[in-house]
There are 2 protein chains.
Amino acid sequence: MTIREVARLAGVSPATVSRVLSGSNHPVREDTRRRVLEAAQRLAYYPNRLARSLLRRETAVVGLLVPDVSNPYYAAVLRGIEDVAHQHGLAVILCNTDRDPAKQRQYLRTLLEHRVDGVVAAGGTLTVEDLRMVDGRVPVVAVGRHPARVPSVRVDNVEAARQACRHLLELGHVRVGCLAGPASSLTARDRVRGYLAALREAGVQPDERWLVWSEFTAEGGYRAARELLERCPVSAVVASNDQMALGALRALWEEGLQVPEDVSVVGFDDTPAAAVSVPALTTVAVPTYEMGRRTLELLLAVRAGRRAANVVLPTELRVRESTAPPRKGHAAVADRAG
Amino acid sequence: MTIREVARLAGVSPATVSRVLSGSNHPVREDTRRRVLEAAQRLAYYPNRLARSLLRRETAVVGLLVPDVSNPYYAAVLRGIEDVAHQHGLAVILCNTDRDPAKQRQYLRTLLEHRVDGVVAAGGTLTVEDLRMVDGRVPVVAVGRHPARVPSVRVDNVEAARQACRHLLELGHVRVGCLAGPASSLTARDRVRGYLAALREAGVQPDERWLVWSEFTAEGGYRAARELLERCPVSAVVASNDQMALGALRALWEEGLQVPEDVSVVGFDDTPAAAVSVPALTTVAVPTYEMGRRTLELLLAVRAGRRAANVVLPTELRVRESTAPPRKGHAAVADRAG
DNA sequence: TTGTAAGCGTTATCAC
DNA sequence: GTGATAACGCTTACAA
């Protein structure tokens with residue numbers, strides 16, 4: 001089923017069919033157009049984009065490199081990206097890198113071979129070397145903090161974490177723990193930096209035992225919280241995302257500690273689960289979906305040769321039920337967690 | 001940067017370059033091969049798959065139609081699909097249909113135009129009409145229950161829900177509510193059927209007030225649970241997925257009801273959050289990731305013309321902390337929820 | 001307003 | 001073992 005067969009059925013040349021079907025603005029007589037449309041319809045003809053792309057040197061496909069879609073954070077970003085892509089008639093190829101440099105290079109190679117019109121890198125895993133490989137062949141943009149110098153959309157995680165920690169400090173907490181994401185993640189590191197900054201600004205000397213590195217998962221948060229409780233007493237905890245916070249809630253509960261009475265907990269991202277947990281999580285809302293949308297808009301801008309300014313989206317602390325002032329004398333915490 | 005330039009630099013013909021680079025088994029002298037590889041390396045040459053695909057009539061791309069990636073269920077399935085695809089050198093184009101028939105048709109059209117080598121449909125949204133459109137142009141397989149007759153990978157949701165409900169019945173519950181997913185979802189309907197079947201098998205006449213239809217989200221579960229509590233007292237609830245169950249936990253807690261002492265709750269899917277919630281959710285584990293893997297393997301089989309038998313994967317009830325026998329006389333429940 | 005023909009970058013076929 | 005050449009299915013000068 002090719003353009004020639006449609007042309008034959010409609011009694012016109014392939015060129016005319018192309019002009020009708022490809023949305024060219026070349027003039028075509030109205031009834032010719034109708035005949036072509038009808039023929040295409042009858043034959044259930046779908047133009048071959050490979051042929052078109054080969055000629056036009058653009059594919060209307062973009063690639064997305066992401067550590068792992070099953071992480072709700074990236075799933076939300078992806079959704080934003082895909083929505084805007086779809087609006088603009090672009091298809092999205094998904095690549096799960098697992099933060100593995102070799103895997104990522106391999107994906108990048110494939111995307112290049114497919115001659116994608118753009119690449120979106122999420123999760124900060126794109127190296128300078130990767131970027132050299134891509135170099136001018138295809139526009140690249142990033143979501144979230146990134147080592148390589150490419151246009152990006154992100155939030156200020158340092159500031160956001162500082163805000164979260166300050167909330168705790170203002171409630172009167174002094175011994176504030178931090179359940180950090182993997183140190184390989186720039187986002188995780190930024191959130192730790194904000195946490196530490198808030199402490200220092202409040203004149204609190206951070207105790208290194210307060211900081212536990214772990215994974216961005218419920219299980220990771222659970223383990224980190226247990227580790228923290230073993231190390232030393234704290235009256236509050238800032239987790240690096242909501243799943244970790246939820247895991248921490250569980251660990252605290254297992255130790256017989258009440259949230260927020262014995263220990264306050266703040267999460268990050270404001271995923272749907274945060275609002276319905278018991279207690280509902282105080283958390284820093286990160287506009288993940290919107291970040292995805294803006295990222296693709298940025299890519300579109302770069303592709304069109306327009307000026308592409310980096311975008312920093314705002315975060316917002318949502319105070320719910322998991323934070324409160326510390327107990328008067330929180331000996332109880334010290335005792336249990338000791 | 002084309003194959004001719006590589007050929008020129010290596011001092012050979014394009015044909016030879018192709019033979020070296022495309023993994024053909026046509027013989028090439030060892031040192032010629034080396035020269036070609038070197039030239040390709042030096043020029044950072046990436047073969048153009050559009051040209052290759054046009055000729056070979058296969059693209060090494062598959063399309064995935066899914067209601068919404070930000071739903072963790074589909075994200076997990078997608079991850080399984082993408083992993084196997086990647087292992088076989090296939091790229092995956094992601095399409096979020098939002099269960100919108102028009103949107104889905106549009107995506108299907110795009111996939112057809114891109115000449116994908118296969119289509120995976122998830123979420124049971126593929127209509128018979130859609131299927132006719134695709135008809136023999138490209139293999140199609142499905143994950144989950146499906147109206148159209150295509151090879152599929154699924155679990156027996158009726159049986160799984162029956163198992164969940166029976167667990168409650170065996171604990172001694174009689175008034176068992178059901179928080180159902182959207183009636184537009186075949187999976188949701190199957191889970192309701194299993195729930196009803198278990199009741200009938202136990203000689204319990206289902207009260208229609210026990211069944212509340214809602215969304216597959218935490219918010220949906222929360223609302224459905226509130227609705228149920230307003231309607232009539234129940235001592236147990238089977239939710240149609242874990243997020244709904246989590247939302248129900250919250251609603252119950254707001255009413256001052258203890259889980260599992262006052263009301264037992266069972267979830268569905270066994271997402272990571274289920275294990276760390278308080279109380280930890282009793283739930284029916286659904287092998288989402290594995291379903292994704294098997295689905296792509298099925299597609300590969302169909303594509304290769306091999307026999308493609310439908311796959312039904314097992315589910316497993318995981319009893320944790322959210323279910324227990326009902327209170328002796330559960331007047332308390334009736335009172336509060338009345 | 002329509003048609004003819006060249007060519008996008010590969011690979012398969014055939015000759016050498 | 002290697003090279004010339006003809007497609008693959010479309011779009012776009014250019015000609016009519």
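Let's start where the two chains zip together: strand β2 of chain A, residues 91-96, pairs with β2(B) in the antiparallel sense over three bridges. Pairing here asks for at least two bridges found by DSSP between the strands, and the elements themselves are DSSP runs numbered from the N terminus, helices being H or I with at least four residues and strands E with at least two. Within that pairing, A:Leu94 stands opposite B:Val92 in β2(B). Keep in mind that this is a predicted model, where local features need pLDDT of at least 70, side-chain atom pairs count only at pLDDT 80 or more, and totals for chains, interfaces and linings use all residues. Residues are numbered from 1 along each chain as its sequence is written, while chains are lettered from A and ligands numbered from 1 in the order in which they are written.

Now for the symmetry. A turn of 180 degrees with a shift of 0.0 Å along the axis lays chain B on chain A with an RMSD of 0.1 Å, by least squares on the C-alpha atoms of residues with pLDDT of at least 70 in both copies. That's the relation of a two-fold axis. B:Ile93 has the C-alpha nearest the axis in chain B, 2.2 Å from it.

As for the interface, 42 residues of chain B are in contact with 42 of chain A, contact meaning C-beta atoms, placed from the backbone, within 7 Å. Several elements of chain B each supply at least two residues to this side, including β2 (91-96) and α10 (218-231). The largest share, six residues, comes from α5(B).

Conventions. Two residues are in contact if their C-beta atoms, placed from the backbone, lie within 7 Å.
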